[in-house]
Amino acid sequence: MHGSTASGGNVLSSGGFDAPATVTAAAAGPNGLEVECVIGFEPCAVGEVFKDMLLLSSAAAGPYEVPLVGQCVPPKPQGPVDVSRGSAALAFRNVFAVEAEFFYSVDNPAFVVAKPSEKLQPKKPVTITVNYKPDVAAKAAATAGGSSDVAASGHARTGKLTVTCPKQTSTQWVFYLQA
């Protein structure tokens, strides 16, 4: 490849990896040439290891195989999300390769999600809106025999939104909430 430019095609079999269709590089000298190729990784299952092979090839340089390994670790809890102005919008995405139903639950009645579940298309981003309604928590506390001033006591000012998708994974997405 002395004195020329090579451009080769990339082949990926699957596994959540994404690479540009072509990578262009100048001719390498006797010490070689470092070329950067940005590879994207978007897994479709939580907790699994994905393996693939990137094949770079050109007429001048021949084939070059690069093994790719990626792992999708469970999501880390996020937050605290500020809901003190009455509501907050949380970005969420169906990471799976199939349509899936996600369930939303909160552990404090002062925080309200519009719907208990939602079917999401593969890789589709959505916004989950959480509303803060301390009056709902106060009514729930009064019904249970507790203080009617739950918000003043601080108990209704924090909570947790848990998102689950039991047909796909036992993993939970957790968002800590604060008002």
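Q: How many disulfides does the count come to in this protein?
A: In this predicted model, the count comes to zero disulfides, because a disulfide would need a pair of cysteine sulfur atoms within 2.5 Å.

Q: Why is C72 called buried?
A: The relative accessibility of C72 is 13%, and buried means under 20% relative accessible area, so C72 counts as buried.

Q: What makes C165 buried or exposed?
A: C165 has a relative accessible area of 0%; since the limit for buried is under 20%, C165 belongs with the buried residues.

Q: How much of the protein as a whole counts as buried?
A: Of the 179 residues of the protein, 31% count as buried.

Q: How many helices and strands make up the secondary structure of the protein?
A: The secondary structure comes to two helices and 14 strands, and some of these strands can be followed through two open sheets, one of five strands and one of three.

Q: In which order do the five strands of the open sheet stand?
A: The order is β7-β14-β13-β9-β11, and the pairing in this sheet is mixed.

Q: Why do β7 and β11 count as edges of this sheet?
A: Strand β7 (78-82) and strand β11 (117-120) each have a single partner strand, so one side of each is left without a neighbour in the sheet. From one strand to the next, the twist of this sheet averages 25 degrees.

Q: What makes β9 and β13 a pair?
A: Two strands pair if there are at least two bridges between them, and strand β9 (residues 100-106) is joined to strand β13 (residues 158-164) over four bridges, in the antiparallel sense. Among the residues involved, Y104 has V163 in β13 as its bridge partner.

Q: Which strands form the open sheet of three, and in what order?
A: The order is β8-β12-β10, with antiparallel pairing. The edge strands are β8 and β10 (111-113), each of which pairs on one side only, and the twist averages 30 degrees from one strand to the next.

Q: How do you know that β8 and β12 are paired?
A: Pairing asks for at least two bridges, and seven bridges join β8 to β12, with the two strands running antiparallel. One bridge partner can be named for L90, namely I128 in β12.

Q: How many salt bridges does the count come to?
A: The count comes to three salt bridges.

Q: Why is the contact of R93 with E42 called a salt bridge?
A: The closest N and O atoms of R93 and E42 are 2.8 Å apart, and a salt bridge asks for a side-chain nitrogen of Lys or Arg within 4 Å of a carboxyl oxygen of Asp or Glu, so the pair meets the rule. Because R93 lies in strand β8 (residues 87-93) and E42 in the loop between β4 (40-41) and β5 (49-58), the pair ties together parts that are 51 residues apart in sequence.

Q: What makes R93 and E42 partly exposed?
A: Partly exposed lies between the 20% limit for buried and the 50% limit for exposed; R93 has a relative accessibility of 33% and E42 one of 37%, so each of them counts as partly exposed.

Q: How do you know that K123 and E42 form a salt bridge?
A: Their side chains meet at 3.8 Å, N to O, and the cut-off is 4 Å, so the pair qualifies. K123 lies in the loop between β11 and β12 (125-132), while E42 lies in the loop between β4 and β5, so this pair ties together parts that are 81 residues apart in sequence. K123 is partly exposed, with a relative accessible area of 23%.

Q: What sets the burial of E118 against that of K115?
A: These two residues form a salt bridge, the closest N and O atoms being 3.5 Å apart; E118 is buried at 16% relative accessible area, whereas K115 is partly exposed at 41%.

Q: Which residues are joined into one network by salt bridges that share partners?
A: The network joins E42, R93 and K123.

Q: Why is T169 called buried?
A: T169 has a relative accessibility of 16%, and the limit for buried is under 20%, so T169 counts as buried. T169 is found in the loop between β13 and β14 (172-178), and, leaving aside its neighbours within four places in sequence, T169 is in contact with V46 and F96.

Q: What makes the T169 and T171 side chains a polar contact?
A: The contact that joins them is 3.0 Å, and the distance limit for a polar contact is 3.5 Å, so the distance satisfies the rule.

Key
Residues are numbered from 1 along each chain as its sequence is written. This is a predicted model: local features need pLDDT of at least 70, side-chain atom pairs count only at pLDDT 80 or more; totals for chains, interfaces and linings use all residues. Side-chain values use heavy atoms; hydrogens and water are left out. Axes are lines fitted to C-alpha atoms, for helices over the stretch in contact, and angles run from 0 to 180 degrees between N-to-C directions. Buried means under 20% relative accessible area, exposed over 50%, partly exposed in between (1.4 Å probe, protein chains only). A polar contact is a pair of N or O atoms within 3.5 Å; within protein, one must be able to donate a hydrogen and the other to accept it, and residues adjacent in sequence count only if both atoms are side-chain atoms. Contact means heavy atoms within 4.5 Å.
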